[in-house]
Amino acid sequence: MRRIDVIGITIGFFVAGGFVYLLLQFAGLDSMNAGIWSQLFLVAGLIGWLVTYLFRALTQSMTYSEQLKEYKDAVLQKQLDALTPEELAKLQAEIEQEKDN
């Protein structure tokens, strides 16, 4: 995510909070209660985002982790493709021997 994306999301977040505040005032709440409820919605949204972030971090389903795994798989595949048939057969024999032990 680029810095401009983060800045845009932050501005959008505060604009949404102001919109909720105005919507609550239009619904009949006084400015104090509308402010409290709009802050509650913003904090609940932040906590919700934090929970999803922690879930993605703990399950390692974040973009960086996935890219790193794909890179490691691609490097391994390239190394396997570079092996001669004799080297590949020898490697498979070693793997089978380790499985038996």
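# A guided tour of a four-helix chain

A compact globule of 101 residues would be expected to have a radius of gyration near 13 Å, whereas this protein has 26 Å. The model is predicted, and the tour begins with the whole chain in view.

**Whole chain**

Display the C-alpha trace and align the view with its principal axes: the trace spans about 80 × 30 × 15 Å along them. Colour next by secondary structure. The protein contains 4 helices and 0 strands, and the order of elements from the N terminus is α-α-α-α.

Switch to a surface representation. The accessible surface amounts to about 9000 Å², and carbon and sulfur atoms account for 66% of that area. Of the 101 residues, 5% count as buried.

**Helix α2 and the nonpolar patch**

Select Phe13, Leu46, Trp49, Leu50, Tyr53, Leu54 and Leu58. Together these residues make a nonpolar surface patch of about 720 Å². Which helix supplies the largest share of the patch? It is helix α2, residues 31-58, with 6 residues.

Centre on Leu58, a member of the patch that lies in helix α2. Is Leu58 buried or exposed? Its relative accessible area is 74%, and Leu58 therefore counts as exposed, the cut-off for that class being over 50%.

Remain in helix α2 and select Phe41, which is also placed there. The relative accessibility of Phe41 is 46%, so this residue counts as partly exposed. Add Ala16 to the selection and draw a C-alpha to C-alpha distance. Phe41 and Ala16 are separated by 25 residues in sequence and by 9.9 Å in space.

**Charged side chains**

Show the charged side chains across the chain. There are 8 positive and 12 negative ones, and the centres of the two sets lie 8 Å apart. How many salt bridges does the structure hold? The number is 2, and each can be visited in turn.

Go to the salt bridge between Asp5 and Arg2, where the closest N and O atoms are 3.2 Å apart. Asp5 is partly exposed, at a relative accessible area of 28%. Arg2, its partner in the salt bridge, is exposed at 55%.

Move on to helix α3, residues 63-82, which contains both Asp73 and Lys69. The two side chains form a salt bridge with an N to O distance of 3.1 Å. Along the helix, Asp73 and Lys69 are 4 residues apart, about one turn. Colouring by accessibility gives 40% for Asp73, which therefore counts as partly exposed. Lys69 has a relative accessibility of 54% and so counts as exposed.

**Glu70 and Lys99**

Keep helix α3 in view and select Glu70, which is placed in that helix. Is Glu70 buried or exposed? At 54% relative accessibility, Glu70 counts as exposed. Finally, add Lys99 and draw the C-alpha to C-alpha distance from Glu70. The two residues are 29 positions apart in sequence and 26 Å apart in space.

**Returning to the full view**

Restore the whole chain with the selections kept. The patch residues, including Trp49 and Tyr53, can now be viewed together with the salt bridges Asp5–Arg2 and Asp73–Lys69. The C-alpha trace that carries them spans about 80 × 30 × 15 Å, and the radius of gyration of the protein is 26 Å.

Notes: Residues numbered from 1 in each chain as written. Predicted model: local features only at pLDDT ≥ 70, side-chain atom pairs only at ≥ 80, totals over all residues. Heavy atoms only, no water. Patch = residues over 30% accessible without salt bridge, like charges linked within 9 Å, V, L, I, M, F, W, Y side chains within 5 Å. Areas by Shrake-Rupley, 256 points an atom, 1.4 Å probe, with all protein chains shown as cover. Salt bridge = Lys/Arg side-chain N within 4 Å of Asp/Glu carboxyl O. Helix = DSSP H or I, 4+ residues; strand = E, 2+ residues; numbered from the N terminus. Buried < 20%, exposed > 50% of the residue type's maximum accessible area, 1.4 Å probe, protein only. Rg over C-alpha atoms; globule rule 2.2 N^0.38 Å. Lys, Arg positive; Asp, Glu negative; His and termini not counted. Charge placed at Lys NZ, Arg CZ, Asp CG, Glu CD.
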